[in-house]
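Student: I would like to work through this model one question at a time. Could we settle the terms as we go?

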Amino acid sequence: MKSGKWMASMLFAVIAVFASVLLWASANGPYLADAHKDKGLNCTACHGDTMEVDDNETLVNSACVKCHGSLAKVAEKSEEAVNAHKSHLGNMNCTVCHAGHADSMSYCLGCHHFDMNIPFGKVAARVPSTTLPVVKEIPANLRTDKTDIVIIGAGATGFAAAITAHDRGAKVILLEKMPITGGNSQLAAGGMNASETRIQKEKGIKDSVDLMYEDTMKGGKNTSDPGLVKILAKDSAAAVDWLTSLGADLSDVGRLGGASAARAHRPSGGAAVGANITQALKKNAEDRKIDIRVNSRAIKILEDGKGRVTGVLVEGKHSKLYKISAKAVIIAAGGFSANPERVAYYQPTFKGMTTSNQPGATGDGIQLGDAAGGDLVDMKQIQIHPTVAAGSRILITEAVRGNGAILVNRDGRRFVNEMTTRDAASAAILAQTGKSAFLVFDEGIRKSLRQIEGYFHLNLVTAGTTIADLAAKIKVPAAELEATLSAYNKAVDEKSDAAFKRPDMPRSIKTPRFYAIEIMPGVHYTMGGLKVDANAQVMAKDGKPIPGLFAAGEGTGGVHGANRLGGNSITQTIVFGRIVGESAAKFAKQ
């Protein structure tokens, strides 16, 4: 009798669940798969005969391209004001945005805030959890893949490490939890600092490794690890040469805040550096047929009973839990600027502040290394960038100021040396009325830096035919703004900024039209992370390296101290990405 009642209740529950699924589907569908079905296509048209879906969703994406053409071909047909099929993210999978059996979403809207239509889409973006899933007990008989080196995080550091290790003869698996590779690196704009480079010498720029070292130490308030900073400066020129050999364009040189010389290397015309570098790295990794897995989150570093690292536990989007056995593990997963809870924990005054980072920057690598016994340093050192476009997460590159733009407050007056360090500039802006300011420039500066056009494309710029016209539009006193620009232009002519001691002033602001972007500080970079030695080995709390565990990039501490200079992050990713790849490959061979 009891058994009959139980069966009846279970049947009722199943019917109720099925009914709710149907109601949900009718409310949210039809989906992309339904539209394909209406055109006479069955499941195998997208999934193949095996109906298997790997974490990269390889078969589905190849089917998309087969029918609709490449991303570039689709971009040619786009009628959207912002062409999502042609962006700084490069060539990515169709399934990054388009889903067959769920709401599609626009990946761009994870960072940007503009209207964008997407077929069968009802949500803006999906973002990962800021905490790692907890696995109390690893199931027996899990699928186990084997490799020499597994790398966590497919930004510039991860790619540099993967290419270097591969070229040293190691078998590599590169993991990325997001559906696309590139991380924060592909958002980098200003440039890559390097001293005594061939390009500097060709342009007659005087610089030295010692000067770059001194600038970096001073910028970090002399709290950086001197040994790591010396490596950063000494190996920077070789890093530029290496990237150039891979096809990156670093032929233009500018100057960023805190630098005593022009050493920020970037593509010709002053284009954004990050997209250029990451595309070159991605292509070289693909050419080498390195095993790259997206939608694959490392959730635990595995060790043997003697404290030696033996691999990682992975949670794949489709494959779910599995293990990768490896001789060495490299953590290259970046910082935690997009983890508001962790930012507020270390810096309560930053609570609720926007971030310029991509959604995946949640600090997974630091958490993984910490759980494996790694020591942490400089965790309270979090950098806010002074110029994030107000009301958005879009960073206005420091190179705009480097090419001559100035900062004015709501009184129409300058209030800070625009090329000071980021922490000082941010503090000065937060002290102004409204805790924001305006970045002001003219047509000459606009033409001097190619990436400025992107800010116009995203409708972030206010324009005026005259200074008074611009002042009226941004609601500052016209007379004050005119007086400010007049005084600044005179200082440019005299090559002396008596008011704020700006060191460079490359050009005046007097060529119509005149432009302004309202900016405010946002969480941009976390200087702290895992403690590493000169060979990129992760150090335990007892001061000894953890056998088989390596780390590089933003998820490590010590390089930047209390404040990072603009242009040093990309340098760090490449310099230490190459070092960690070589160190791990050498360890794996032993």
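Tutor: Buried means under 20% relative accessible area, exposed over 50%, and partly exposed in between, with a 1.4 Å probe and protein chains only. The model is predicted: local features need pLDDT of at least 70, side-chain atom pairs count only at pLDDT 80 or more, and totals for chains, interfaces and linings use all residues. Numbering starts from 1 along each chain as its sequence is written, and side-chain values use heavy atoms, with hydrogens and water left out.

Student: Is Asn295 buried or exposed?

Tutor: Asn295 is found in the loop between β9 (291-293) and β10. Strands (E, at least two residues) and helices (H or I, at least four) are DSSP runs, numbered from the N terminus. The relative accessibility of Asn295 is 10%, so this residue counts as buried.

Student: Which residues does Asn295 touch, not counting residues up to four places away in sequence?

Tutor: Contact means heavy atoms within 4.5 Å. By that rule, Asn295 touches Asp55, Glu57, Glu176, Lys177, Met178, Pro179, Glu315, Gly316 and Lys317.

Student: What is the order of the open sheet of four strands?

Tutor: Two strands pair if DSSP finds at least two bridges between them. Pairing in this sheet is mixed. Its edge strands, each paired on one side only, are β3 (144-146) and β10 (296-303). The order is β3-β12-β11-β10.

Student: In β12, which residue is the bridge partner of Gly311?

Tutor: Strands β11 (residues 309-316) and β12 (residues 320-325) run antiparallel and are joined by six bridges. There, the β12 partner of Gly311 is Ser325.

Student: And in β8, which residue is the bridge partner of Asn193?

Tutor: This takes us to an open sheet of three strands, β6-β8-β7, with antiparallel pairing. Its edges are β6 (192-193) and β7 (252-254). Two bridges join β6 to β8 (residues 264-266). Asn193 has as its β8 partner Ala264.

Student: Why is strand β22 largely enclosed by the rest of the structure?

Tutor: Strand β22 covers residues 545-551. It runs parallel to β13 (residues 328-331), with three bridges, and antiparallel to β21 (residues 537-539), with two. The enclosure follows because, of its seven residues, the number buried is five.

Student: In the hairpin of β21 and β22, which residue takes a positive phi?

Tutor: Five residues lie between the two strands. In the paired part, Gln537 stands opposite Phe550 in β22. The positive phi, near 85 degrees, belongs to Gly543.

Student: How much space lies in the largest cavity?

Tutor: A cavity is a set of points on a 1 Å grid over the protein atoms alone, where a 1.4 Å probe fits but cannot get out; lining residues have an atom within 4 Å of a point. Grid points join across faces, edges and corners, and volume is the space filled by probe spheres set on them. One cavity of 30 Å³ or more is counted. The largest cavity holds about 40 Å³.

Student: Which residues line the largest cavity?

Tutor: Seven are nonpolar, three polar and none charged. Here Ala, Val, Leu, Ile, Met, Phe, Trp, Tyr, Cys and Pro count as nonpolar, Asp, Glu, Lys and Arg as charged, and the others, Gly among them, as polar. The lining is Leu228, Val532, Ala536, Ala551, Ala552, Gly553, Thr556, Val559, Gln572 and Phe576.

How values were computed. 1 Å grid on protein atoms, 1.4 Å probe; cavity = no way out; pocket = protein on both sides within 12 Å on 5 of 7 lines; lining within 4 Å.
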